[in-house]
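Please open the structure in a viewer and keep the sequence at hand. The tour below proceeds by selections, each followed by a description of what is found there.

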Amino acid sequence: MTDLNTYFQKHGLCAENILYIHRKDRKTVIQRTDGEEFALFIPVHSILSALPESEFFEHQQGNCRMPQPHCRY
């Protein structure tokens, strides 16, 4: 978990700027509101455990989506 939090900080990932989390080609892809994507070999549930799950909806079959993009950058 600590490594995942460090990765999030290093790449500027937080619940406020994540638009989608989905599976693609055996990887979990995090897409930010600015369009940049990050592919990880980590299960979706592990990523969600590091983020406030209440911020996401449509959590099914390894896909998650934010209710509305609200980027502060």
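How many residues lie between strand 1 and strand 2 in the hairpin that they form? The number is 2, and the tour will return to this turn once the whole chain has been viewed. The model is a predicted one.

**The whole protein**

Begin with a cartoon of the entire chain. Its secondary structure consists of 2 helices and 5 strands, and the order of elements from the N terminus is α-β-β-β-α-β-β. The protein has 73 residues, of which 32% count as buried. Switch to a surface display: the accessible surface is about 4,900 Å², and carbon and sulfur atoms hold 47% of that surface. Among contacts with a separation of 6 or more, 41% are between residues 24 or more positions apart.

**Strands 1 and 2**

Next, select residues 18-24, which form strand 1, together with residues 27-32, which form strand 2. The two strands run antiparallel and are joined by 6 bridges. Two of the facing positions can be picked out individually. Isoleucine 18 stands opposite arginine 32 of strand 2, and lysine 24 stands opposite lysine 27 of that strand. Strand 2 is mostly covered, with 5 of its 6 residues buried.

**The turn between them**

Now select aspartate 25 and arginine 26. Aspartate 25 is placed in the loop between strand 1 and strand 2, and arginine 26 is found in that loop as well. Most residues other than glycine have a negative phi. Aspartate 25, however, has a positive phi near 50 degrees, and arginine 26 has a positive phi of about 65 degrees although it is not a glycine. Are these residues buried or exposed? Aspartate 25 counts as exposed because its relative accessibility is 65%, over the limit of 50%. Arginine 26 likewise counts as exposed, at 73% relative accessibility.

**Strand 3 and the second hairpin**

Add residues 37-40, which make up strand 3. Strand 3 runs antiparallel to strand 2, and 4 bridges join the pair. The hairpin of strand 2 and strand 3 has 4 residues between the strands. Within this hairpin, select glycine 35, which takes a positive phi near 95 degrees.

**Threonine 28**

Centre the view on threonine 28, which is located in strand 2. Threonine 28 counts as buried because its relative accessibility is 0%, under the limit of 20%. Its bridge partner in strand 3 is leucine 40. Show the side chain of threonine 28 and follow it to the backbone oxygen of isoleucine 42, which it reaches at 2.4 Å. Leaving aside neighbours within four places in sequence, threonine 28 is in contact with several residues, including Ile21, His22, Arg23, Phe38, Ala39, Pro43, Val44 and Ile47.

**Phenylalanine 38 and the nonpolar core**

Which residues does phenylalanine 38 touch, not counting those up to four places away in sequence? They are Tyr7, His11, Leu13, Thr28, Val29, Ile30 and Arg32.

Phenylalanine 38 also belongs to the largest nonpolar core, so the next selection should comprise the 12 residues of that core: Leu4, Phe8, Leu13, Ile18, Ile21, Ile30, Phe38, Leu40, Val44, Ile47, Leu48 and Leu51. Colour the selection by element. Helix 1, strand 1, strand 3 and helix 2 (44-49) are the elements that give two or more residues to this core. Helix 2 gives the most, with 3 residues. In soluble globular proteins, nonpolar side chains tend to be buried together.

**Asparagine 5**

For the last stop, select asparagine 5, which is placed in helix 1, residues 2-10. Asparagine 5 is partly exposed, with a relative accessible area of 33%. Then add alanine 50 and draw a line between the two C-alpha atoms. Asparagine 5 and alanine 50 are 45 residues apart in sequence, and their C-alpha atoms are 7.1 Å apart in space.

Technical notes. Residues numbered from 1 in each chain as written. Predicted model: local features only at pLDDT ≥ 70, side-chain atom pairs only at ≥ 80, totals over all residues. Heavy atoms only, no water. Buried < 20%, exposed > 50% of the residue type's maximum accessible area, 1.4 Å probe, protein only. Pairing = 2+ DSSP bridges. Contact = heavy atoms within 4.5 Å. Areas by Shrake-Rupley, 256 points an atom, 1.4 Å probe, with all protein chains shown as cover. Core = buried A, V, L, I, M, F, W, Y, C linked by side-chain atoms within 4.5 Å. Polar contact = N/O pair within 3.5 Å; in protein donor to acceptor, adjacent residues only side chain to side chain.
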